Amino acid sequence: MRIAQIIYTGFGGLGSVAFSLINADRRRHDWCIGFIGDVAIDSHYPARCEAAGVAFKELRSVAGRPYGAWLALARWLDE
């Protein structure tokens with residue numbers, strides 16, 4: 001089963017929760033993380049994804065106009 005997490009690109013507590021869930025996954029589901037936000041992805045996130053073998057994508061939005069990033073997220077999830 002594929003499980004997708006959507007996380008803010010900046011540093012925050014949601015990233016810690018997502019990686020805790022991935023590390024605790026005993027069934028070894030197919031995880032992916034979409035990082036979405038109007039700031040650059042935190043430098044620790046790509047390294048943590050690669051270490052855990054998790055596919056990820058950064059989806060940048062424009063402050064006050066997130067719609068383009070939402071469409072890109074929907075396309076990415078459909079892949």
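The following exchange examines how several terms apply to this predicted model.

Me: What makes S1 and S2 paired strands?
Reply: Two strands pair if DSSP finds at least two bridges between them. Strand S1 (residues 2-8) is joined to S2 by 7 bridges, so the two strands satisfy the criterion of at least two. They run parallel. Within this pairing, arginine 2 stands opposite aspartate 30, and isoleucine 7 stands opposite phenylalanine 35.

Me: Why are S1 and S3 said to stand at the edges?
Reply: The open sheet has 3 strands in the order S1-S2-S3, with parallel pairing. S1 and strand S3 (55-60) each have a single partner strand, so one side of each is left without a neighbour in the sheet. Neighbouring strands here are turned by 20° against each other on average, direction ignored.

Me: Why are Ile7, Phe35 and Val54 said to belong to a nonpolar core?
Reply: A nonpolar core consists of buried residues of listed types, Ile, Phe and Val among them, joined through side-chain atoms within 4.5 Å. Ile7, Phe35 and Val54 are among the 11 residues of the largest such core, and therefore each is buried, with under 20% relative accessible area. Helix H1 (13-24), strand S2 (30-37) and helix H2 (44-52) each supply at least two residues of this core. Another core, of 6 residues, lies apart from it and includes Ile36, Ala69, Leu73 and Trp76.

Me: How do you know that valine 54 is in contact with Trp31?
Reply: Contact requires heavy atoms within 4.5 Å. Beyond its neighbours within four places in sequence, valine 54 meets this criterion with Ile22, Trp31, Cys32, Ile33 and Cys49.

Methods
Residues are numbered from 1 along each chain as its sequence is written. This is a predicted model: local features need pLDDT of at least 70, side-chain atom pairs count only at pLDDT 80 or more; totals for chains, interfaces and linings use all residues. Side-chain values use heavy atoms; hydrogens and water are left out. Buried means under 20% relative accessible area, exposed over 50%, partly exposed in between (1.4 Å probe, protein chains only). Helices (H or I, at least four residues) and strands (E, at least two) are DSSP runs, numbered from the N terminus. Axes are lines fitted to C-alpha atoms, for helices over the stretch in contact, and angles run from 0 to 180 degrees between N-to-C directions.
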